[in-house]
Amino acid sequence: MSEAFIDSPLGTLVIQGDELGLQRVEFIDEKIPQSERIPVALEDAVFQLSDYFEGKRKTFDLKLNPQGTDFQKRVWLQLAQIPFGKTTSYLQMAKDLDDPKVIRAAASANGKNPIAIIIPCHRVIGSDNSMTGYAGGIWRKKWLLEHENPVKQQSLF
């Protein structure tokens, strides 16, 4: 398994994967210097994430290999369908999985998403539009949603 650390506007990201695909993209609070050499298996991910943070990319074209239960993988596939600049609620996500009763299980699987940003769990909010849970921290979730918002707030002064 290859590993790289990259700087982002939200802190350090650790990226792990191999020829079978990405297994982990996660924010870490520890400041680790950016990797000087990016493993070949991770080059596309690093390039596409850099484009995303620069506002040049709205979708990702990467081979993913997240590790989890079958249910978690179903939830993560559902998350991947949320378009850039859009949000959904945990309740709607459960309905999209064809069972509104799985809302808590779906929320739990969402919180265990091992591939941040690319599997956009940050796009799931509360039914009342509240900023609920995000493994990387609510402040990062807010930043990501603002970054993806097609309507940028302009200063009046």
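This note goes through a predicted model of the protein, from its overall fold to individual residues.

1. Overall fold. The protein contains 5 helices and 5 strands, and along the sequence these elements follow the order β-β-β-α-α-β-α-α-β-α. The radius of gyration is 16 Å, close to the 15 Å that the globule rule gives for 157 residues, so the protein is as compact as a globular protein of that length. Taken along the principal axes, the box filled by the C-alpha atoms is roughly 50 × 45 × 25 Å.

2. Burial and contacts. Of the 157 residues in the protein, 46% count as buried. Where contacts join residues at least 6 apart in sequence, 58% of them link residues that are at least 24 apart.

3. Surface and charge. The accessible surface amounts to about 9,200 Å², and carbon and sulfur atoms account for 51% of this area. The protein carries 19 positive and 20 negative charges, and the mean positions of these two sets lie 7 Å apart.

4. The nonpolar core. Which residues touch the most other members of the largest nonpolar core? In this core of 37 residues, they are I15, L22, L49, L79 and I117. Two or more residues are given to the core by each of the strands β1 (2–8), β2 (11–18) and β3 (21–28), and likewise by each of the helices α1 (43–53), α2 (70–79), α3 (90–96) and α4 (103–111). The largest share, 5 residues, comes from α1. As general background, nonpolar side chains tend to be buried together in soluble globular proteins.

5. Helix α1. The buried residues of this helix are A45, V46, Q48, L49, D51, Y52 and F53, and L49 is also among the core residues that touch the most other members. What covers the buried residues of α1 includes the strands β1, β2 and β3 together with the helix α5 (138–148). After α1 comes G55, a residue whose phi is positive, near 80 degrees.

6. Residue D7. This residue is found in strand β1. Is D7 buried or exposed? Its relative accessibility is 37%, and because the partly exposed class lies between the 20% and 50% cut-offs, D7 counts as partly exposed. When neighbours within four places in sequence are left aside, D7 is in contact with T12, K31, I32 and Q34. For one of these partners, I32, the separation is 25 residues in sequence and 8.4 Å in space, C-alpha to C-alpha.

7. Residue E30. This residue is placed in the loop between β3 and α1. With a relative accessibility of 54%, E30 counts as exposed, whereas D7 in β1 is partly exposed. The C-alpha atom of E30 is separated by 8.3 Å from that of G11, and the two residues are 19 apart along the chain.

8. Residue G111. This glycine is found in helix α4, one of the elements that give two or more residues to the largest nonpolar core. G111 itself is partly exposed, with a relative accessible area of 46%. Between the C-alpha atoms of G111 and Q72 the separation is 9.8 Å, while along the chain these residues are 39 apart.

Technical notes:
Residues are numbered from 1 along each chain as its sequence is written. This is a predicted model: local features need pLDDT of at least 70, side-chain atom pairs count only at pLDDT 80 or more; totals for chains, interfaces and linings use all residues. Side-chain values use heavy atoms; hydrogens and water are left out. Helices (H or I, at least four residues) and strands (E, at least two) are DSSP runs, numbered from the N terminus. The radius of gyration is taken over C-alpha atoms; the globule rule is 2.2 Å times the number of residues to the power 0.38. Buried means under 20% relative accessible area, exposed over 50%, partly exposed in between (1.4 Å probe, protein chains only). Contact means heavy atoms within 4.5 Å. Accessible areas come from the Shrake-Rupley method with a 1.4 Å probe; for residues, only the protein chains shown count as cover. Lys and Arg count as positive and Asp and Glu as negative; His and the chain ends are not counted. The place of a charge is taken as NZ of Lys, CZ of Arg, CG of Asp or CD of Glu. A nonpolar core is a set of buried Ala, Val, Leu, Ile, Met, Phe, Trp, Tyr and Cys residues joined through side-chain atoms within 4.5 Å.
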